[in-house]
Amino acid sequence: MGFSIDDKKLKHAGLDYWHFLDISYYEGLTDFFDKNTGEFFYYSTKAVNTYCDVKYHDNCYIIFGREDKGLPEDLLYRNKEKCVRIPMIDEARSLNLSNSVAIGAYEVLRQWDFPELQNKGQLTKYIWKSENNT
């Protein structure tokens, strides 16, 4: 991974969300694919389709490569129809990995209508009034 999951700064960045995680470790991509089934989508700057062009079904995985190298080109070539990209300006190489993962994950959740997520907020100090009652 390039970092330790026990790192103090990493744990601080996760704040109080760590108990929601179920972390699995794999020896590499081969080990991951041997132990998981479903539909796989590969995020890459080399893809033709955009991340919102595809339909994410239940039991799908979104896969990202290392920030400095991306996913192996042979994997992308064998799965061209499942490769997706986040549109970027020509002058920028790519977004950082955490932003890319957030975009991909929330697109999946959006297509699934945000299951188990609170999607309505409420101000604590003010009560919303309709436009007719202001």
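## Cores, rings and a pocket

A search of the whole structure finds zero disulfides. Please keep in mind that this is a predicted model. Below is a quick tour of its buried cysteines, its nonpolar cores, its aromatic pairs and one of its pockets.

**Cysteines**
- Cys60 counts as buried because its relative accessibility is 16%, and buried means under 20%.
- Cys83 has a relative accessible area of 4%, so this cysteine is buried too.

**Nonpolar cores**
- In soluble globular proteins, nonpolar side chains tend to be buried together.
- The largest nonpolar core here has ten residues: Phe41, Tyr43, Tyr51, Val54, Tyr56, Cys60, Phe64, Val84, Ile86 and Val108.
- A second core, separate from that one, holds nine residues, among them Phe32, Phe40, Tyr42 and Leu75.
- Val54, a member of the largest core, touches Phe41, Val84 and Gln111 once its neighbours within four places in sequence are left aside.

**Aromatic rings**
- The count of aromatic pairs comes to nine.
- Tyr26, Phe32, Phe33, Phe40, Tyr42 and Tyr61 are linked into a cluster by ring pairs.
- Phe32, Phe40 and Tyr42 from this cluster also belong to the second core.

**The second largest pocket**
- The volume of this pocket is about 400 Å³.
- Its lining is made up of 22 residues, and those nearest the centre are Tyr43, Ser44, Thr45, Gly70 and Ser94.
- By residue type, the lining divides into eight nonpolar, seven polar and seven charged residues.
- Tyr43 takes part in this lining and is also in the largest nonpolar core.

Technical notes:
Residues numbered from 1 in each chain as written. Predicted model: local features only at pLDDT ≥ 70, side-chain atom pairs only at ≥ 80, totals over all residues. Heavy atoms only, no water. 1 Å grid on protein atoms, 1.4 Å probe; cavity = no way out; pocket = protein on both sides within 12 Å on 5 of 7 lines; lining within 4 Å. Points joined across faces, edges and corners; volume = space filled by probe spheres on them. Nonpolar A, V, L, I, M, F, W, Y, C, P; charged D, E, K, R; others polar. Phe/Tyr/Trp six-rings, centres within 6.5 Å; stacked < 30°, edge-to-face > 60°. Disulfide = S-S within 2.5 Å. Buried < 20%, exposed > 50% of the residue type's maximum accessible area, 1.4 Å probe, protein only. Core = buried A, V, L, I, M, F, W, Y, C linked by side-chain atoms within 4.5 Å. Contact = heavy atoms within 4.5 Å.
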